[in-house]
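This report describes a strand and a ligand site, one after the other. Please look over the sequence and the structure before reading on.

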Amino acid sequence: MLDRLDQQPADALLALIKMYEADTRPDKIDLGVGVYRTADGGTPVFRAIKQAEKRLVDTQGTKAYLGPEGDMGFVRALMPHVLGDAGNRDGRIDGMQTPGGTGAVRLAVALAQKAGVRNLLMGVPSWPNHKQILDDCGVTTVTFDHACEDGSADMGALREALGKAGKDDAVLLHGACHNPTGVDYTNEQWDEIADLLGETGALPIIDLAYQGLGDGMEEDAYGVRKVIASVPEALVAYSCDKNFGLYRDRVGALYVMGANADETVRIMSNAASLARANWSMPPDHGGASVRLILEDEDLTADWLDELASMRERIGAVRAKLAEAGTAGAVDLTKLGAQKGMFAMLPVSKEQVERLRKDHGVYMAGSGRINVAGLTMGNIDAFVAALADVTG
Ligand code: LMR
């Protein structure tokens, strides 16, 4: 029977990790998968995570099951950082731990699907796994352009898409640090989006996977908090992979908001049963480490400090790229104002391949680069390589 299965291509982004590792050139540059790198090119464990992990080893008395909702101490401690100080809005907001942000997006889309969503609107380009999750959940996807040529968000396309949507539709939005374009909505645009969502009744599903890597923890939460304050129902998929550096430990959360507390209880019961059927319960270690940080003022301050230095480094790399002006046919000036780890370059698949083969520069075939893979020491080489293949 299993012989009927067709060969599937390897995930292009994840395949780059192995190709990069196999390359023996000492000056190779990894701009592929979205992993933060320091000025030395490393991805160390956060200081606060190391401390929390030590504490966890010393204090954790059991590894017995928790349940599909995972570590609710983690979920509740994280909530004010994500959604602000407004509390659970009279029981309208609740949440559960998920295996990474992917698990949270998966659960959000599965909930929408179970509730009978008609169309799921999604700006493109988007993180490639979004479409894969939507297809796997069997929802109908309707796309609209996310960004304009000038490097700003395409509000006209979003307006038009939401104009045709109603209460049976949902829209997937990136909360901050858009992946792959780096093109975020401004606060004024979020105000308009919140109004549009209120008017149309479409369900917002907000994916917030890079909070703190754009303008700051509070600043990057503007959109999510504005939407939450303006609509009756919302789903927020959260990832701690990047802002706590926990990638492989798979730490995420899904926050749900219903129109009233009873509805939220019902939504959560569906989320719990879908989680149980999918992964039963999330892995504990990373979430428990985040909880220990958030329960401790000093560890929280140290985590925020390290996060701020990451954000500053990404900003400095962006500024230097923008300063370079152009590289061959590529205008780099727009990258300075964009947010987070990613940017899209107008390069062809052939040019991406030449960058890899001739220059040891690894990036996604779509033209996406992970800005955090660049350092002050290799930007010039990257710009020269880009000029070579596009000039
Ligand atoms: C990325 O887009 O590179 C990251 O979100 C990692 C992933 O899982 O794809």
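Strand 2, which covers residues 93–98, is mostly covered in this predicted model. Of its 6 residues, 5 are buried. Strand 2 is joined to strand 8 (residues 252–257) by 6 bridges, and the two strands run antiparallel. Within this pairing, Asp 94 of strand 2 has Val 256 of strand 8 standing opposite.

The ligand site comes next. Which residues surround the ligand? The shell consists of Leu 13, Val 33, Gly 34, Trp 127, Asn 179, Tyr 210, Lys 242 and Arg 368. By class, these shell residues divide into 4 nonpolar, 2 polar and 2 charged.

Where does the ligand lie with respect to domain 1 and domain 2? Domain 1 (8–45 + 310–390) and domain 2 (65–295) both contribute residues to the shell, so the ligand lies between them.

Three side chains of the shell have an N or O atom paired with an oxygen atom of the ligand, at the distances in the table.

| Side chain (N or O atom) | Ligand atom | Distance |
|---|---|---|
| Trp 127 | oxygen | 2.9 Å |
| Lys 242 | oxygen | 3.1 Å |
| Arg 368 | oxygen | 2.8 Å |

Each of these pairs counts as a polar contact because the cut-off for N or O atoms is 3.5 Å. Besides these contacts, the cover of the ligand can be given as an area. Taken alone, the ligand exposes 260 Å², and the protein buries 78% of that.

Methods. Residues numbered from 1 in each chain as written. Predicted model: local features only at pLDDT ≥ 70, side-chain atom pairs only at ≥ 80, totals over all residues. Heavy atoms only, no water. Near = heavy atom within 4 Å. Polar contact = N/O pair within 3.5 Å; in protein donor to acceptor, adjacent residues only side chain to side chain. Areas by Shrake-Rupley, 256 points an atom, 1.4 Å probe, with all protein chains shown as cover. Nonpolar A, V, L, I, M, F, W, Y, C, P; charged D, E, K, R; others polar. Domains from an automatic or database assignment. Buried < 20%, exposed > 50% of the residue type's maximum accessible area, 1.4 Å probe, protein only. Helix = DSSP H or I, 4+ residues; strand = E, 2+ residues; numbered from the N terminus. Pairing = 2+ DSSP bridges.
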